[in-house]
Amino acid sequence: MLNLAVFGSGRGSNFQAILTALHQGKIPKVAIRLVISNSSSAGILEIARTHCIPAVHLSQKQFSSDDTYGDALFSLLEEHGVNFIVLAGYMKRVPARLVGAFRGSIVNIHPALLPKFGGAGMYGMRVHEAVLEAGEQESGATVHYVDEEYDHGEIIMQQRVPVMAGDTPGTLAARVLAAEHELYPEALRRLAAQGQEKQ
Ligand code: GRF
């Protein structure tokens, strides 16, 4: 059973897609135990609260050191029985201690076909602008394991979308986001079926 903590900083549409898939019975052996955001006003916390899922605003800024922040994060995860972490629009670097403890049980989604168009600074509209500037004929979404480098861990699944004539970063972003909403629940379904949670 994957007992998830979902980390996000923004609107939470991927989290919503996972939640919808769960409610539709499409991803058995997955439960959402906790949502964490570094931003108190993030939509993802709002969505979680609407569904009575524990939702916590936790930011490094609330702590005097990396260690005390890490301790708080670990005790929250333990308290809620979390054995798998899903990053869904999380804009902060995950503490290395957490990556180490959850290696192979922490995943992210990126709005491009990694290894292209990833890494530091490649987020939001910048990704789609770069794809269009490079004249790519296709883009897509990637679900990958998280390691110590941004957008670098092993690729789990990808979904491709075409780049269309006349695309703007906005139209391409919308097409990629729709692909993300299919891809992330499906990737979690597969990982749960394979028993990829932290033992
Ligand atoms: C998505 O495009 C995801 O690929 C990226 O951040 C965005 C999050 O969007 N990592 P949302 O908060 O899930 O709507």
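1. A salt bridge is here a side-chain nitrogen of Lys or Arg within 4 Å of a carboxyl oxygen of Asp or Glu. In this predicted model, E186, R189 and R190 are joined in a network of such bridges, and the count for the structure by this rule comes to seven salt bridges.

2. Within that network, the closest N and O atoms of R189 and E186 are 2.8 Å apart. Both residues belong to helix 6, where they are three residues apart, or about one turn of the helix. R189 counts as partly exposed, with a relative accessibility of 32%, and E186 is likewise partly exposed, at a relative accessible area of 24%.

3. A salt bridge between distant parts of the chain joins the side chains of D71 and R97, at 2.8 Å from N to O; D71 lies in helix 3 (residues 66-79) and R97 in helix 4, 26 residues apart. D71 has a relative accessibility of 42% and therefore counts as partly exposed, while R97, at 41%, is also partly exposed.

4. The side chains of K116 and E136 form another salt bridge, at 3.1 Å from N to O. This pair, too, links distant parts of the chain, with K116 in the loop between strand 5 and helix 5, E136 in the loop between helix 5 and strand 6, and their positions 20 residues apart. The relative accessibility of K116 is 45%, and K116 thus counts as partly exposed.

5. D151, which is placed in the loop between strand 6 (138-145) and strand 7 (155-162), deserves a separate remark. D151 is buried yet has no salt bridge, and the nearest side chain of opposite charge, that of R93, is 9.6 Å away; because a salt bridge requires the nitrogen and oxygen to be within 4 Å, R93 does not qualify as a partner at that distance. The side chain of D151 does, however, make a polar contact with the side chain of H110, at 3.4 Å.

6. S9 sits in the loop between strand 1 (2-7) and helix 1 and, with a relative accessible area of 14%, is buried. The side chain of S9 reaches the backbone nitrogen of M91 at 2.8 Å, and M91 is one of the residues that lie nearest the centre of the largest pocket.

7. The largest pocket has a volume of about 900 Å³ and is lined by 41 residues, with G89, Y90, M91, I109 and Y123 nearest its centre. Among the elements that give two or more residues to the lining are helix 1 (13-23), helix 4 (96-101) and strand 5 (106-110), but the largest share, four residues, comes from helix 6. By residue class, the lining divides into 20 nonpolar, 13 polar and eight charged residues.

Conventions: Residues numbered from 1 in each chain as written. Predicted model: local features only at pLDDT ≥ 70, side-chain atom pairs only at ≥ 80, totals over all residues. Heavy atoms only, no water. 1 Å grid on protein atoms, 1.4 Å probe; cavity = no way out; pocket = protein on both sides within 12 Å on 5 of 7 lines; lining within 4 Å. Points joined across faces, edges and corners; volume = space filled by probe spheres on them. Nonpolar A, V, L, I, M, F, W, Y, C, P; charged D, E, K, R; others polar. Buried < 20%, exposed > 50% of the residue type's maximum accessible area, 1.4 Å probe, protein only. Lys, Arg positive; Asp, Glu negative; His and termini not counted. Polar contact = N/O pair within 3.5 Å; in protein donor to acceptor, adjacent residues only side chain to side chain.
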